[in-house]
Amino acid sequence: MAASTHTVTNQVPPLVGYDVFAGDRALTEAVERHLAHGILREAQEELSTLGRAAGSAQAQEWGAQANENPPKLRTHDRYGHRVDEVDFHPAWHRLLGHAVTAGLTDAWGREGGHVRRAAGFLVWTQAEAGHGCPLSMTHAAVPALRTDPALAAEWEPLLTSHVYEEGLRPAPQKAGVLFGMGMTEKQGGTDVRSNTTRAEALAADGEYLLTGHKWFCSAPMSDGFLVLAQAADGLSCFLVPRVLPDGSRNPFALQRLKDKLGNRSNASGEVEFDGTWARRVGEEGRGVRTIIEMVAATRLDCVVGSAALMRQAVAQAIHHSAHRSAFGGLLIGKPLMRNVLADLALESEAATTLALRLAAAYDADTEQERAFLRIAVPAAKYWVTKRCSAVVGEALECLGGNGYVEESGMPRLLREAPLNSIWEGSGNVQALDVLRALQREPGALDAFLREVGKARGADHRLDAAIKDLLTELADLEAVEARARRLVERMALVLQGSLLLRWAPPEVADAFCASRLGGDWGSAFGTLPHSLDLATVVERARAGES
């Protein structure tokens, strides 16, 4: 029986049935800016198709189901044989299949591939973030495998395939495969040179048996893995297939799945190797150098993934505020709420603009752009992933108590938000990586300064920030203790330069005033009141159909 007092009013309709790509002006403009005219129309159509799918009720339901029904480890079959398989809810496979079909593991071999893939990854991650891990690992494995032309010829067509086939079978029997990665061990974590997993050479050239463990094995249901192990000449990189050519299972004992804060739809496992067959990738003793391009590519995905989480959180906050009334009017019209929303929108647009600029540098693949990426990727990974948790937390607060309940989807975003700042090297690792580039690769700093200098003279606050940054860079003695401060400033200066060149004046002005000029408080919603905040908010509003 319905209670007579229970009349539902002033509740916000769900943000559903819209094009996630076309409704994101910062993203659509970045794609138009970075893609050649000849492929732009095709890319836009592909991304809009993906965007409509990401904004659909169906994809939102898949995302909820995949997280409500996390993966389960099945170590043995009914007869006691080890199978070491991970079972996923059908929604996980639908999400992953849609992503692979959309080309989210295919960037390296097509024109504008990295920009197209990054934009698609940013769009589809907003439907559900957890399945982005195997997509990222599979995409990023390509440059590592290219150090061995024979391996690349065998595996790259499968890694970049647009066909998703679940289940473990010999790779040649599948139309497409997924890859994972295993680097860290219990005793060392990020310090991979302390790894103890052993690799013993077999008679056949390039073949080894591995013995040891991996404390974090990403995407353990994958068809193959790149792992690090100690060979005779030092730490080396190896390809470990899950199924051997004769159809038998390679020893790959999954001990347990991690019980994680977020990313719950995705499996992360602990694995033991015991006579596990592997093929060496690259030279013995050069494992870190071999796998470093894979790490760099996954770090860029951390930036893109964080930008996606921020974008979805901001879209939800603005949508809520545009439909919810309080104190005599819509929330979006209240000056203080508008300040908060504009502040969040700035952070989101700066992250998206930077992420797509990095993807474009991968596509250009010139010496100058490679040098730029050497500093820009770890700096962006440090800063953008750090900002993600703060942005999502504030956006959740915009929804109030409605945002704190699971049905809103905001708690899932908040649990996911810290992940990208930890995966592929936490904040200190990124900051130290920037320092290494500054000290050992002068060309990288030159490329970075050339990039930020393209907006020099456009805004006095950027000019002052560049001057201050040059002063800091002139003194690298005892720099480690202030590495985070330095890298934060580098990232902000880079974002400011990009926005001044490409964003509307209202966005660039607000960013420079707050992030570079210091006219900002310690929390979101403290932008100078004299700025055109309404325009900033309206620009960030998701396009609803």
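This section describes the nonpolar core and the helix packing of a predicted model.

The largest nonpolar core holds 181 residues. Within this core, Trp-124 and Leu-226 have the most contacts. Helix 8, spanning residues 287–323, supplies the largest share of the core, with 18 residues. Beyond residues up to four places away in sequence, Trp-124 touches Leu-50, Ala-53, Ala-54 and Ala-59. Trp-124 also touches Leu-95, His-98, Ala-99, Leu-104 and His-131.

Helix 8 also takes part in the packing of helix 18. Helix 18 runs over residues 533–540. Its buried residues are Leu-533, Val-536, Val-537, Arg-539 and Ala-540. These residues lie on the same side of helix 18, because they cover an arc of only 160 degrees around the axis. An α-helix has 3.6 residues a turn, so residues three or four places apart point the same way. The buried residues of helix 18 pack against helix 1 (25–34), helix 8, helix 9 (335–364) and helix 17 (505–516).

A further contact joins helix 10 (residues 367–398) and helix 16 (residues 483–502). Their axes come within 9 Å and cross at roughly 100 degrees. Angles of 65 to 115 degrees count as roughly perpendicular, and helix 10 and helix 16 are therefore roughly perpendicular to each other. Helix 10 contributes Phe-372, Ile-375, Ala-376, Ala-379, Tyr-382, Trp-383, Val-384 and Lys-386. From helix 16 come Arg-484, Val-487, Glu-488, Met-490, Ala-491, Leu-492, Leu-494 and Gln-495. By class, the contact of helix 10 with helix 16 comprises 12 nonpolar, 1 polar and 3 charged residues.

How values were computed: Residues are numbered from 1 along each chain as its sequence is written. This is a predicted model: local features need pLDDT of at least 70, side-chain atom pairs count only at pLDDT 80 or more; totals for chains, interfaces and linings use all residues. Side-chain values use heavy atoms; hydrogens and water are left out. A nonpolar core is a set of buried Ala, Val, Leu, Ile, Met, Phe, Trp, Tyr and Cys residues joined through side-chain atoms within 4.5 Å. Buried means under 20% relative accessible area, exposed over 50%, partly exposed in between (1.4 Å probe, protein chains only). Helices (H or I, at least four residues) and strands (E, at least two) are DSSP runs, numbered from the N terminus. Contact means heavy atoms within 4.5 Å. The arc is that of the directions from the helix axis to the C-beta atoms. Axes are lines fitted to C-alpha atoms, for helices over the stretch in contact, and angles run from 0 to 180 degrees between N-to-C directions. Angles under 35 degrees count as roughly parallel, over 145 as roughly antiparallel, 65 to 115 as roughly perpendicular and the rest as oblique. Ala, Val, Leu, Ile, Met, Phe, Trp, Tyr, Cys and Pro count as nonpolar, Asp, Glu, Lys and Arg as charged, and the others, Gly among them, as polar.
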